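User: Please take a close look at one part of this structure. I would like the helix packing in one region, then the loops that go with it.

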Amino acid sequence: QAFTSLIHFIKRVLPAPLLASMHKVHRVNQLPLKDAIGRILLSAGIFNWGAGMGMGPVKGFNNPEVKEIIGKTVDETAYNIPKEESETATFAAGCFWGVQLAFQRVPGVMSTMVGYTAGAKEHPTYQQVCSGSTGHTEAVQLLFNPQAVSYKELLMVLFDRMDPTTLNRQGNDSGTQYRSGIYYHSEAQKMIANEFINSVQPNYTSKIVVEVKPATKFWPAEDYHQKYLEKGRQKASKGCLDPIKCYG
């Protein structure tokens with residue numbers, strides 16, 4: 001009875017985006033509803049209920065070189081360059097919430113957006129992508145200043161956020177919509193990506209299965225997904241190395 005009352009209370013006070021996310025966790029990951037609620041409240045920063053229930057993961061930045069990339073100082077003028085002097089990068093590494101927050105913190109990254117790419121259906125919705133029927137993957141597209149942060153450095157951050165050897169899965173999230181990918185916007189990016197994968201493959205016992213494909217149409221995700229973890233009170237400031245909490 002107490003749990004039923006809690007459900008009714010949550011439905012009255014939580015905004016629609018959090019309710020939608022709660023039901024996503026419940027449906028997509030086939031978790032008990034009480035666990036789904038705990039994960040969403042935890043990731044949103046509302047309170048720390050669920051910390052003892054295996055909620056998570058909480059993922060820090062493990063690679064010392066990545067810590068240096070995030071911790072370096074970049075002049076404010078680096079964010080005010082003409083658009084034609086910037087570059088676009090598109091990456092996928094499982095649930096896009098945590099990936100976006102990681103890149104928000106990277107000095108030299110000017111803007112980020114989560115969305116869906118590498119699929120066939122036009123104007124896909126979140127529900128359609130979650131069904132696995134559209135062929136899309138959850139992705140992050142970012143605009144960056146190549147004079148402040150290199151494409152290779154962005155790849156280093158990407159690989160620090162994921163296991164590149166798991167096919168169609170990151171952590172508890174599984175399905176083609178959670179596959180990892182590098183979607184290049186130029187031949188130079190393609191060359192850097194392939195050279196980077198070849199250089200880090202000896203660090204893994206299993207084969208790297210990150211797909212490297214030309215960037216295709218990127219469909220922005222619904223507004224409530226944009227900067228989701230920042231809205232949940234996790235820090236997005238440049239240089240922040242706080243561990244990132246995400247439900248998946």
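The request and a connected answer follow.

User: Focus on helix H7, residues 151-160. Which residues of H7 meet H8, and which meet H4? Where does Thr-166 lie, and is Thr-166 buried or exposed?

Analyst: This is a predicted model. First, the setting. The chain holds nine helices and ten strands. Of its 248 residues, 49% count as buried. Among contacts between residues at least 6 apart in sequence, 77% join residues at least 24 apart.

Start with H7 and H8. H8 covers residues 187-200. The two helices pack at an angle of about 50°, and their axes are 10 Å apart. That angle makes H7 oblique to H8, because it falls outside the ranges for roughly parallel (under 35 degrees), roughly perpendicular (65 to 115) and roughly antiparallel (over 145). The crossing of H7 over H8 is right-handed.

Now the residues. From H7 come Tyr-151, Lys-152, Leu-155, Met-156 and Phe-159. They meet Gln-189, Ile-192, Ala-193, Phe-196, Ile-197 and Val-200 of H8. By class, the residues of this contact are nine nonpolar, one polar and one charged. The charged one is Lys-152, and the polar one is Gln-189.

H7 also packs with H4, residues 64-71. The axes of H4 and H7 come within 10 Å and cross at roughly 120°. Here too the term is oblique: H4 is oblique to H7, because the angle lies between the perpendicular range, 65 to 115, and the antiparallel one, over 145. H4 passes H7 in a left-handed crossing.

On the H4 side, the residues are Glu-65, Val-66 and Ile-69. On the H7 side, they are Glu-153, Met-156, Val-157 and Asp-160. This contact divides into four nonpolar, no polar and three charged residues. The charged residues are Glu-65, Glu-153 and Asp-160. Met-156 of H7 is listed in the contact with H8 and again in the contact with H4.

Next, the loop that follows H7. Thr-166 sits between H7 and strand E5 (169-170). Thr-166 is buried, because its relative accessible area of 12% is under the 20% cut-off. Two polar approaches involve its side chain. A polar atom of the Thr-166 side chain lies 3.2 Å from the backbone oxygen of Asp-163. The side chains of Thr-166 and Gln-170 are joined by a polar contact of 3.3 Å.

The loop after H8 comes back to this place. Ser-206 lies between H8 and strand E8 (211-214). Ser-206 and Thr-166 are 40 residues apart along the chain, and their C-alpha atoms are separated by 8.7 Å. Leaving aside neighbours within four places in sequence, Ser-206 is in contact with Thr-165 and Gln-201. Ser-206 has a relative accessible area of 37%, so it counts as partly exposed. Thr-166, by contrast, is buried.

Another threonine sits in a loop elsewhere. Thr-134 lies between H6 and strand E4 (137-144). Thr-134 is buried, with a relative accessible area of 6%. Its side chain makes a polar contact of 2.7 Å with the side chain of His-136. Beyond neighbours within four places in sequence, Thr-134 is in contact with Gly-119, Ala-120, Lys-121, Gln-128 and Val-129.

The loop on the other side of H6 has a backbone feature. Ala-118 lies between strand E3 (109-117) and helix H6 (126-130). Its phi is positive, about 60°, although Ala-118 is not a glycine. Most residues other than glycine have a negative phi. Ala-118 is partly exposed, with a relative accessible area of 24%.

Lys-227 also has a positive phi, about 50°, without being a glycine. Lys-227 lies in the loop between strand E9 (219-220) and helix H9 (228-231). With a relative accessible area of 39%, Lys-227 is partly exposed.

One more helix, for its burial. H5 spans residues 96-104 and is mostly covered, with nine of its nine residues buried. Among them are Phe-96, Trp-97, Val-99, Leu-101 and Phe-103. Gln-100 and Gln-104 are on the buried list too.

Back to H7 to close. H7 is oblique to H8, and H4 is oblique to H7. The crossing with H8 is right-handed, and the one with H4 is left-handed.

Note on methods. Residues are numbered from 1 along each chain as its sequence is written. This is a predicted model: local features need pLDDT of at least 70, side-chain atom pairs count only at pLDDT 80 or more; totals for chains, interfaces and linings use all residues. Side-chain values use heavy atoms; hydrogens and water are left out. Axes are lines fitted to C-alpha atoms, for helices over the stretch in contact, and angles run from 0 to 180 degrees between N-to-C directions. Helices (H or I, at least four residues) and strands (E, at least two) are DSSP runs, numbered from the N terminus. A crossing is left-handed if the near helix is turned anticlockwise from the far one by less than a right angle, and right-handed if clockwise. Contact means heavy atoms within 4.5 Å. Buried means under 20% relative accessible area, exposed over 50%, partly exposed in between (1.4 Å probe, protein chains only). A polar contact is a pair of N or O atoms within 3.5 Å; within protein, one must be able to donate a hydrogen and the other to accept it, and residues adjacent in sequence count only if both atoms are side-chain atoms.
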